[in-house]
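User: I am new to this structure and would like a close look at a single part. Please start with one pair of residues and work outwards from there.

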Amino acid sequence: MTFRATVLTLYPEMFPGPLGVSLAGRALGEGTWSLEARNIRDHAIDKHRTVDDTPAGGGAGMVLRCDVLAAAIDAVADGRPILAMTPRGAPLTQARVRELASGEGAIILCGRFEGFDERIFEARPIEPVSIGDYVLSGGELGALVLLDACVRLLPGVMGAASSGEEESFETGLLEYPHYTRPVEWEGRTIPEVLRSGDHAKIAAWRHARAIEDTRSRRPDLIARHGGGQGSSPSGARRDD
């Protein structure tokens, strides 16, 4: 099954962008997934192709019109999840990414200006999504982030099926630190346990470091997932 992504944007020329290279680009070329970027402005209803208007109640900036957005959404809606990239959305998580990657694809609506007329969320089944607590010029970069996170999980894209099992957020912890040659660099040496060949000790060291680093850098994850002692919050399957 091909993962199908449709992006509704005022700047379709931004796609595929970085999704056209590396793993995602190769998978795109091989047909593992497909990408269509459609211009919201094509659904404007006046000769000037207007997509925005001034905020009701006053204020700076412009707001994307709900009638234009609805027409753009209705033209592609086919049962796939519809997500709107907005800082007012719920934070994107690895668990949600896995859900999306296991489905038929997604329709992604990219915001601009001051955002969307709120009525579009009342009238259409749209999931507001945020990639972080900061504001960008538009939702296109967020859409690229979301799609990259999904595409890398598609079967065969990363190669070995186990490639993503121990990454950050898969177990509720940040990933353990990595090292490679040279063994010694600027007076710093790869931890001895990683050179011991004892797989049980290596696994224990990696888990301990994951907990330690998560506790110091992201205590919110420790509180949320119980220190990585439960089932994977991302939904990834892992065999011991």
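Analyst: Start with Thr 9, which stands opposite Asn 39 in S2. Keep in mind that this is a predicted model.

Thr 9 belongs to strand S1, residues 3-9. Strand S1 is mostly covered, with 6 of its 7 residues buried. S1 and S2 pair in the parallel sense, over 7 bridges. A helix also links into this part: S1, helix H1 (residues 22-30) and S2 make a right-handed β-α-β unit.

Now look at the other partner of S1. Strand S6, residues 105-110, runs parallel to S1, and 5 bridges join the two. Here Arg 4 stands opposite Gly 105 in S6.

Next, the whole sheet. It is open and has 5 strands, in the order S2-S1-S6-S5-S7, with parallel pairing. Strand S2 (33-39) and strand S7 (126-130) are the edges, and each pairs on one side only. On average, neighbouring strands of this sheet are turned by 35° against each other, direction ignored. In a regular strand, side chains alternate between the two faces of the sheet.

Move to the S7 edge. Strand S5, residues 82-91, runs parallel to S7 and is joined to S7 by 6 bridges. One point to find there is Ile 82, whose bridge partner in S7 is Ile 126.

Salt bridges come next. The count comes to 16. One of them joins the side chains of Asp 74 and Arg 124, at 2.9 Å from N to O. Asp 74 lies in helix H2 (residues 66-74) and Arg 124 in the loop between helix H4 (119-123) and S7, so this pair ties together parts that are 50 residues apart in sequence. Asp 74 is partly exposed, with a relative accessible area of 43%. Arg 124 also counts as partly exposed, at 25%.

Asp 78 forms a salt bridge with Arg 80, their closest N and O atoms being 3.0 Å apart. Is each partner buried or exposed? Asp 78 is partly exposed, with a relative accessible area of 39%. Arg 80 is buried, at 7%, because buried means under 20% relative accessible area.

Another salt bridge sits in helix H6, residues 199-217: Arg 209 and Glu 212 are 3 residues apart there, so about one helical turn separates them. Back in strand S1, Arg 4 has a further role. Salt bridges that share partners join Arg 4, Asp 78 and Arg 80 into one network.

How values were computed
Residues numbered from 1 in each chain as written. Predicted model: local features only at pLDDT ≥ 70, side-chain atom pairs only at ≥ 80, totals over all residues. Heavy atoms only, no water. Pairing = 2+ DSSP bridges. Helix = DSSP H or I, 4+ residues; strand = E, 2+ residues; numbered from the N terminus. Axes fitted to C-alpha atoms, helices over the stretch in contact; angles between N-to-C directions. Buried < 20%, exposed > 50% of the residue type's maximum accessible area, 1.4 Å probe, protein only. Right-handed = clockwise from strand over helix to strand, strands pointing away. Salt bridge = Lys/Arg side-chain N within 4 Å of Asp/Glu carboxyl O.
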